[in-house]
Amino acid sequence: MIDLNVDILIIGAGPAGLAAAIAAKEQGIDSILILEREDMPGGILRQCIHNGFGLHRFNEELTGPEYAQRDIDRVNELGIKIRCGTTVLSVSEDKLVTCVSSEEGFRTIKAKAIILAMGCRERPRGALCTPGTRCAGIYSAGTAQRFVNLEGYMPGRRVVILGSGDIGLIMARRMTLQGAKVLACVEIMPYSSGLNRNIVQCLEDYDIPLYLSHTVTDIKGRERVEGVTVARVDENRKPIPGTEIDFRCDTLLLSCGLIPENELSLGAGVELSPVTSGAVVDEDLETSITGIYACGNVLHVHDLVDHVSSESFRAGKAAAEYVKGIKREGRIIHVKDGFGVRGVVPQRIHGGCREDVTFMFRPASVYRNSTAVVTCGNNVIKRKKAMIFTPGEMATLTLKASELEAVQEVDGDITVSIEQEGM
Amino acid sequence: MEKLITCINCPVGCRMTVTLTEDGEFISVTGNTCKRGADYAKQECTLPLRMITAVIPVDGSDMPLSVKTASPVPKRLIKEIMKELSEVKVSAPISLGQVIIPDILNTGVDIIATRSVEK
Amino acid sequence: MNDLTSDIIIIGAGITGCAVARELSRYDASVTVLEAGSDVAEGATKANSGIIHAGFDALPGSRKAYHNVRGAALYPKLCEDLGVGYRRCGALVIALSEDERRTIEELYERGIANGVEGMRIIERDEILKLEPGINPEVVCALHATTSAIVSPYEVAFALADDAAYNGVQFLTDQRVVSVKRDTDHYTVTTTDSEYTCKILINCAGSFGADIHNQISDNKLSMVHRRGQYYLLDRAEKLQFGRTIFQCPSKMGKGVLISPTLHGNLIIGPTAEDIDDPEDTATTADGLADIIAKARRTWPQLSVRTNITNFSGIRAHLTTGDFVIGRLDDVREASDAPKAYEAIGIESPGLSAAPSIAKEICQLVLKDAALTEKKDIKKYTRQGKSFHDMSAEERAEAVKRDPRYGNIICRCETVTEAEIRDAIRRPVGARSIDAVKRRTRAGMGRCQGGFCSPRVAAIISEETGIPLTEVTKNGGRSYLLTGTVEEYLKGGESDDRS
């Protein structure tokens with residue numbers, strides 16, 4: 001039994017879902033519904049109260065709530081409906097969505113197109129297999145951020161942070177500014193995956209030591225964390241005996257990576273990439289199921305919300321065109337990861353594509369003074385030099401429509417790779 | 001006098017050497033690869049600036065209010081600004097952009113709300 | 001206010017204590033259960049493999065063998081009555097060499113002697129057809145069709161709820177300091193109060209020998225044997241449908257791989273003798289050991305989908321068998337106080353618990369004239385979890401109670417209605433972990449990252465304690481150390497640690 005029919009159903013009212021909705025509406029689609037499980041739209045930006053968002057898109061530095069508010073205001077202006085407090089329970093291949101909320105009960109919605117914009121979640125301790133006790137005081141950085149910034153509570157007094165990704169660095173500063181003591185930030189890799197700016201402004205400004213090539217090897221404390229042991233690791237990331245340092249702390253924050261939240265996508269039968277953990281998509285961000293699109297962190301984990309928004313505008317526009325009956329043409333060209341490249345998105349494009357296509361990927365390691373190269377068959381389509389490629393920063397490379405024409409003339413797949421200097 | 005700093009403008013993270021007079025006045029910078037780097041080095045060695053964001057409690061509400069300095073302020077004032085923030089009393093309704101503390105510590109910079117709180 | 005005087009005191013609210021409490025709740029006697037932890041099922045009960053063993057493992061003639069086989073037979077009906085899950089998934093003990101075949105045959109013989117039904121020795125091809133994930137070097141296996149799985153703590157909670165609903169008083173955070181026998185009563189002193197009773201029953205798990213030795217001159221000693229585990233994420237298609245044991249060998253007992261009732265895979269345990277009966281930390285060596293051993297069963301094992309590691313402590317008596325019976329052989333006047341015990345209840349203790357409880361109850365009835373209650377009440381829970389409901393049932397549930405429409409735990413689809421119910425049950429949840437074990441909120445792949453703040457808020461609301469007093473697992477396991485306001489003011493008002 002279908003309770004409601006819509007043209008485009010968007011799952012998630014974070015920056016991805018909001019941008020997709022705006023783009024779809026601007027393409028003339030009126031029947032759009034956004035479902036959001038939290039009580040308010042805005043997604044994770046609501047708790048990201050630090051600044052640094054929007055430089056690319058708005059040419060100014062906003063805080064997370066301010067960035068989100070701009071999209072929320074626009075969505076409201078356009079009269080797009082958002083249902084908050086609504087959790088999607090299932091998505092099917094034929095675009096039937098079941099959802100539940102206290103206000104509207106259990107509902108089945110039929111959509112012509114669906115945009116997946118559920119975001120990502122943090123890697124928990126279990127995934128790290130960190131030994132020790134399972135006492136209170138071990139939080140993912142995002143959970144701690146929610147407690148402080150949205151709930152008004154402090155999750156700890158003396159803190160060690162495992163992982164030097166941006167969320168971990170940001171929380172080091174937040175906890176310090178709000179009156180806690182951060183003793184150390186510990187990173188298993190020999191480099192931080194966070195921005196230089198955050199290392200300087202979140203750690204150095206507050207004299208918080210960063211331990212590179214170190215990890216937490218033990219957690220002590222029966223009821224609440226009483227301390228952690230940190231040890232240096234070898235090149236295989238195995239702790240080196242004898243290098244242990246003990247910290248007396250009551251809190252361990254984990255900032256050890258993000259994972260796209262694709263349980264609903266899997267349920268629908270959407271093909272996922274083992275590299276990105278997100279859907280396999282084409283230049284329209286269409287997944288393996290016709291009419292189901294994915295964008296934002298559920299597709300692949302971004303570092304800049306500006307990129308999330310631009311990607312999601314594309315998904316929204318494409319979904320609108322799909323609803324209007326516009327079809328893509330041409331052979332399918334697969335896009336593959338070459339040397340030094342992990343998780344190129346999109347993973348395929350149509351030969352008939354007449355618009356610019358932006359490829360995004362993560363460098364597999366740090367490469368200085370190197371060149372990103374796009375090849376098709378034996379032909380080099382594009383080269384882009386950069387002073388640095390680093391895993392901490394998503395790399396982008398845009399093929400102009402004119403450059404794509406060259407692709408159409410040759411057979412074979414596209415490969416994106418990195419050429420190191422002197423190679 | 002020389003100071004070593006890492007550039008924060010992009011992931012390259014140039015290591016720059018800044019030469020200053022004994023009084024801390026900027027003379028020159030080396031190691032940068034762009035103009036933005038040079039500007040940053042000069043600023044960071046003479047008067048480092050920071051945006052400050054924070055959450056403060058709202059009277060009668062569990063959810064705290066997020067605030068920011070409307071523009072960057074001298075880094076050395078961070079502690080004092082946090083102290084000022086600990087003493088301010090706010091209550092709903094508050095609108096995004098509303099001035100919470102005008103001209104904080106005579107910097108000419110306001111502390112403003114970065115979200116709205118309804119009554 | 002807690003009742004300080006009872007006819008019967010049971011020390012320990014693990015699976016055994018809860019089963020005994022439920023048996024005794026059918027009689028006209030006041031019963032108090034004293035639990036050292038902050039919740040029911042806090043010891044070995046919450047951290048074991050969750051297997052209802054068929055009964056081929058224990059030596060014929062042992063108490064372990066008797067209670068295992070009898071207990072396992074009681075489980076299907078018991079779980080149905082309690083409204084908790086039970087799945088007879090069957091088990092395989094695999095032999096990876098012809099040498100091990102002999103062990104398989106021995107186990108089969110033992111099973112026959114113990115009265116186990118539904119056993120068969122099967123060969124390689126059939127094994128790989130049943131369980132394609134098993135090491136292709138497998139030679140043969142003992143297939144025990146009556147082996148089953150339950151969620152051990154869910155069984156304990158349901159037993160406790162039913163007992164409490166029928167008048168049993170459950171008191172947590174009552175660590176027993178001393179037990180004293182007087183002429184007409186026992187005095188049990190806990191870290192909290194002093195309790196007296198006529199009949200004392202020792203079901204104290206890891207502390208069973210300590211309690212025993214305070215009363216009896218026949219001293220017992222106990223070894224605390226830690227078992228660490230991996231719990232893998234629910235997968236679309238479960239790798240193993242049955243519990244897979246390795247052959248006990250010179251190399252030790254091996255580790256098992258088993259589906260859980262909720263569709264995860266559990267892998268473990270280790271067996272390490274440790275000094276501290278409450279040291280449930282996991283160790284790098286222990287975790288590595290499990291993986292090395294488990295790969296003998298499942299060469300393709302990857303821990304990429306691990307969601308948590310945990311460990312439990314088995315209460316192993318050096319005598320090797322369960323000790324069940326009268327604790328003191330004092331046969332004086334019928335009004336003299338009496339004590340009973342069920343200790344050393346290591347594996348197959350979960351399987352044995354219903355049978356042990358019946359035996360203890362019979363012993364008590366022999367010594368004390370208790371009359372059976374006429375009005376036994378059946379505690380009915382809300383029943384099926386939202387996660388397991390069909391679309392129609394879900395629609396119906398939300399219509400009945402809109403709080404079913406508020407999903408608190410995304411990974412396991414647990415609703416606000418279920419979390420409030422867990423807190424309101426007769427032996428209600430008071431901490432994040434207590435809610436987790438009753439509802440599965442926080443058991444999923446994000447391990448409470450999203451839902452724990454919201455569960456904490458509901459606990460605070462339901463119980464009236466401030467959010468800063470909500471704990472992860474009782475005691476001083478506070479989630480939060482203060483408010484933003486307090487910390488900004490710089491006055492670290494929290495001096496709890």
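Here are some worked exercises on a predicted model with chains A, B and C.

**Exercise 1. Work out how chain A compares with a globular protein of its length.**

Start with the inventory: chain A has 10 helices and 28 strands. Next, take the radius of gyration of chain A, which is 22 Å, and set it beside the globule rule, which gives 22 Å for 423 residues. The two values are close, so chain A is as compact as a globular protein of that length. For a feel of the dimensions, the C-alpha atoms of chain A fill a box of roughly 65 × 60 × 40 Å along the principal axes.

Now look inside. Of the 423 residues in chain A, 58% count as buried, the cut-off being 20 or more other C-beta atoms within 10 Å. Finally, consider contacts in chain A between residues at least 6 apart in sequence: 64% of these join residues at least 24 apart.

**Exercise 2. Repeat the check for chain C, using its radius of gyration.**

Chain C contains 13 helices and 22 strands. Its radius of gyration comes out at 23 Å, close to the 23 Å from the globule rule for 497 residues, so chain C too is as compact as a globular protein of that length. The C-alpha trace of chain C spans about 65 × 65 × 45 Å along its principal axes.

On burial, 55% of the 497 residues in chain C are buried. As for contacts in chain C with a separation of 6 or more, 71% are between residues 24 or more positions apart.

**Exercise 3. Split each chain into its assigned domains and find how far apart the centres lie.**

Take chain A to begin with. The assignment gives domain 1 (1-122 + 258-327), domain 2 (124-256) and domain 3 (330-423). The C-alpha centres of domain 2 and domain 3 of chain A are 36 Å apart.

Chain B has domain 1 (2-46) and domain 2 (53-113). Their centres, over C-alpha atoms, are separated by 30 Å.

Chain C has domain 1 (88-147 + 223-311) and domain 2 (386-488). Here the centres are 33 Å apart.

**Exercise 4. Which strands stand at the edges of the 5-stranded open sheet in chain A, and what packs on that sheet?**

Write down the strand order first: β23-β21-β28-β25-β26 of chain A, with mixed pairing. Each of β23 (348-350) and β26 has a single partner strand, so these two stand at the edges, with one side of each left without a neighbour in the sheet. Neighbouring strands here are turned by 20° against each other on average, direction ignored.

Zoom in on one pair. Strand β21 (332-337) of chain A pairs with β23(A) in the antiparallel sense over 3 bridges. In that pairing, A:His334 stands opposite A:Arg348 in β23(A).

Last step, the packing partner. Helix α10 (401-409) of chain A packs on the sheet and touches β21, β25 (367-376), β26 and β28 (414-419) of chain A, with its direction at about 130° to that of β26(A).

**Exercise 5. Do the same for the 3-stranded open sheet in chain A.**

The order is β15-β16-β17 of chain A, and the pairing is antiparallel. Strands β15 (214-220) and β17 (245-247) each have a single partner strand, so they are the edges and one side of each lacks a neighbour in the sheet. The average turn between neighbouring strands is 25°, direction ignored.

Between β16 (227-232) and β17(A), the antiparallel pairing runs over 3 bridges. A:Val228 stands opposite A:Phe247 in β17(A).

**Exercise 6. Describe how chain A meets chains B and C.**

Begin with chain B: 24 residues of chain A are in contact with 23 residues of chain B. On the chain A side, α3 (64-77), α5 (141-151), α7 (196-203) and β26 (379-389) each supply at least two residues. By class, this side has 8 nonpolar, 11 polar and 5 charged residues.

Move on to chain C, where the contact takes 49 residues from chain C and 44 from chain A. Elements of chain C giving two or more residues include α7 (284-297), β17 (306-317) and α12 (452-463). The chain C side has 21 nonpolar, 21 polar and 7 charged residues.

Then check for pairing across the chains. Strand β11 (153-154) of chain A and β22(C) pair in the antiparallel sense over 2 bridges. A:Tyr153 stands opposite C:Thr483 in β22(C).

Technical notes. Residues numbered from 1 in each chain as written. Chains lettered and ligands numbered in written order. Predicted model: local features only at pLDDT ≥ 70, side-chain atom pairs only at ≥ 80, totals over all residues. Domains from an automatic or database assignment. Contact = placed C-beta atoms within 7 Å. Helix = DSSP H or I, 4+ residues; strand = E, 2+ residues; numbered from the N terminus. Nonpolar A, V, L, I, M, F, W, Y, C, P; charged D, E, K, R; others polar. Pairing = 2+ DSSP bridges. Rg over C-alpha atoms; globule rule 2.2 N^0.38 Å. Buried ≥ 20, exposed ≤ 12 C-beta atoms within 10 Å, placed from the backbone. Axes fitted to C-alpha atoms, helices over the stretch in contact; angles between N-to-C directions.
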